[in-house]
Amino acid sequence: MLVDGFNRVHNYLRISLTDNCNLRCFYCMPEEDYEFTPHSRLMQPSEIELLAKIFVENGVNKIRLTGGEPLVRKDAADIILRLSKLPVSLTMTTNATRLHDFADVLEEAKIKSLNISLDTLDADKFQIITRRDSFQKVIDNIHLMISKNIHVKVNVVIMKGLNDHEINDFIEWTKDLAVHVRFIEFMPFEGNRWTSNQVFTMDDMLQQIGKKYNPIRLKDDINDTAKKFAIEGHQGTFAIISTMSAPFCSTCNRMRLTADGKMKNCLFSQKETDLLSALRNGEDVLPLIQESIASKAKELGGQFTKDFEKIQAEDLQNRSMISIGG
Ligand code: SAM
Ligand code: SF4
C-alpha cells in the first residue's frame, strides 16, 4: 500500500496522456505560445501499462486518464484498452469533442463513468472560453454518452463575472437530464493569470443557488472532493468542489503521472519524481514512488494555506494545468 506520513492511503492514480489539446481554455492553457511535449518524450503505451501495473500491485484500484485532451492522442484507444485489462475502475476526464469516435472503445473497455468539461451553456461564450467552435459537438456527445448508459459528470469551472450567473441554468439543465454537474472553484496555475478576486467560492455558489432552489445535501463518499446536492424532482444532481475556500486534503488518496512520466504527489506539489527516465534506464521505480508518497505535504502541496485571498499567483511554483493533467 502507498501510505503517506499522515496515514493517507493512496489508491487513485490520474494519468495524463498528453499535454496537447484541441481546445484552448484560457484558464488552463497558458496564453504565451505553449510548446507541446514531443511524442518521443511522452510515455508510450507499453510504458504507461508497465507503470500502471506497478501502482496497481501497490494498492491502486482507480485510474483516471486525463491531459491535455486524452483523446487527441493517436494511440488513445490502444492505451485505454491496455489499462482496461487491469483490475481497476477506469475512467477519463475529457472535453468530449472526440467522444463520438470512441463509443465502441469505451464499451469494450467497460468504462461506466466520464467527467466532461463544459463551462457554459451559451455557444458564444463557449467560443470565448475555449477559443474553438465545438459547443454543439460537446452537447451532442454528452447526450450520446448518456444514451449509452455512461454516467456523465460535467465539470464547470466557475469564474466570477464570467459564468457565475449560469449556475442556476446548469441546475435547471439537470431537471430533465440525468447528469451530475460539478461546480469547481477557479484554481491558480502557471500562466493562467489567476487572481483571488476571480474565485467564486462555495459560499457564493450556495447563496446564488438558494435564491432559486432548496438543495438537499447528499452523503459524500469517503475520498470525495465534492459536496453533493440534489433538487427535488430533478433527474440529475450537482456538487461543489471547493479546493480554494475549503480544501479537502485530509482525505486525499490521489497521485498524478504527467504525460512525460513525472510523478506528482499533489496537484500543487513543486516536486516531481521522474519515473519514466528510471523505467527507461531499467531502474526499480517502486522505491521512487514510495519516496514520493512519503514526502507528500499535509495540504495544498505545502505551497499555500487555506487563506486563498493571500495567494500571489506569481509566487507559486507549479506547471500549467494542461501540463500537469487535471
Ligand atoms: N481536456 C480534458 C477536459 O477539459 O476535461 C481533461 C484535462 S482538463 C485540464 C481537466 C479538468 O481541469 C477540466 O475539467 C478543467 O475544467 C479543469 N481545470 C483546468 N484548469 C483549471 C483551473 N485553473 N481551475 C479549476 N479547474 C481547472
Ligand atoms: Fe484542453 Fe481541457 Fe485544458 Fe480546456 S481544460 S484547454 S479542454 S485540457
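In this predicted model, a salt bridge links the side chains of arginine 82 and aspartate 78, with 3.1 Å from N to O. Both residues sit in helix 2, four residues apart, so about one helical turn separates arginine 82 from aspartate 78. Neither end of the pair is tucked away: arginine 82 has a relative accessible area of 26%, which makes it partly exposed, and aspartate 78, at 35%, is partly exposed too. The relevant cut-offs are under 20% for buried and over 50% for exposed, so values of this kind land in between.

How many salt bridges turn up in a search of the whole structure? The search finds 12. Another of them joins aspartate 220 to arginine 217, whose side chains meet at 2.8 Å, N to O. Here aspartate 220 is partly exposed, with a relative accessible area of 26%, and arginine 217 is also partly exposed, at 42%. Some salt bridges share partners, and in that way Glu49, Lys53, Asp78 and Arg82 are joined into one network. The helix 2 pair, arginine 82 and aspartate 78, therefore belongs to that network, going by the shared-partner salt bridges.

Then there is the salt bridge between glutamate 166 and lysine 125, with 3.8 Å from N to O. Glutamate 166 lies in the loop between strand 5 (151–158) and helix 6 (167–173), while lysine 125 belongs to helix 4 (residues 123–130), so this pair ties together parts that are 41 residues apart in sequence. Are these two residues buried or exposed? Both glutamate 166 and lysine 125 are buried.

Next comes the sheet. It is an open one, made of 12 strands with mixed pairing, and the strands run in the order 7-8-9-6-5-4-3-2-1-10-11-12. Strand 7 (216–217) and strand 12 (273–274) are the edge strands, each pairing on one side only. As a bit of background, strands of a sheet pair through backbone hydrogen bonds, and they can do this either parallel or antiparallel.

Strand 2 is a good place to see the parallel kind. On one side, strand 1 (residues 12–16) pairs with strand 2 in the parallel sense over five bridges, and leucine 13 has isoleucine 63 as its bridge partner in strand 2. Strand 2 also pairs with strand 3 (residues 89–94), again in the parallel sense, over four bridges. Which residue of strand 3 is the bridge partner of isoleucine 63? That partner is leucine 90. Isoleucine 63 thus has a bridge partner in strand 3 as well as being the partner of leucine 13. Why is strand 2 (residues 62–66) largely enclosed by the rest of the structure? Four of its five residues are buried, so the strand counts as largely enclosed.

The antiparallel kind shows up further along the sheet order. Strand 10 (residues 254–257) and strand 11 (residues 262–264) pair in the antiparallel sense over two bridges. In this pairing, leucine 257 stands opposite methionine 263 of strand 11.

Strand 2 has another role in the layout: together with helix 2 (residues 76–84) and strand 3, it makes a right-handed β-α-β unit. The loop between strand 2 and helix 2 holds arginine 73. This arginine 73 has a relative accessible area of 5%, so it counts as buried. Its surroundings are well populated by residues from elsewhere in the chain: setting aside neighbours within four places in sequence, arginine 73 is in contact with Leu17, Thr18, His39, Leu42, Met43, Gln44, Pro45, Ile48 and Ile79.Another loop, the one between strand 1 and helix 1 (45–57), contains serine 40. At 54% relative accessibility, serine 40 is exposed. Serine 40 and aspartate 260 are 220 residues apart in sequence, yet their C-alpha atoms are 9.1 Å apart in space.

Finally, there is ligand 1. Of the 20 residues around it, Tyr27, Gly68, Ser117, Asn155 and Met187 come nearest. The side chain of serine 117 places an N or O atom 2.5 Å from an oxygen atom of ligand 1. For asparagine 155, a side-chain N or O atom is 3.1 Å from an oxygen atom of ligand 1. Glutamate 69 has a polar side-chain atom 3.2 Å from a nitrogen atom of the ligand.

Notes. Residues are numbered from 1 along each chain as its sequence is written. Chains are lettered from A and ligands numbered from 1 in the order in which they are written. This is a predicted model: local features need pLDDT of at least 70, side-chain atom pairs count only at pLDDT 80 or more; totals for chains, interfaces and linings use all residues. Side-chain values use heavy atoms; hydrogens and water are left out. Buried means under 20% relative accessible area, exposed over 50%, partly exposed in between (1.4 Å probe, protein chains only). Two strands pair if DSSP finds at least two bridges between them. A crossover is right-handed if, with the strands pointing away from the viewer, the path from the first strand over the helix to the second runs clockwise. Contact means heavy atoms within 4.5 Å. A salt bridge is a side-chain nitrogen of Lys or Arg within 4 Å of a carboxyl oxygen of Asp or Glu. A residue is near a molecule or strand if one of its heavy atoms lies within 4 Å of it. A polar contact is a pair of N or O atoms within 3.5 Å; within protein, one must be able to donate a hydrogen and the other to accept it, and residues adjacent in sequence count only if both atoms are side-chain atoms.
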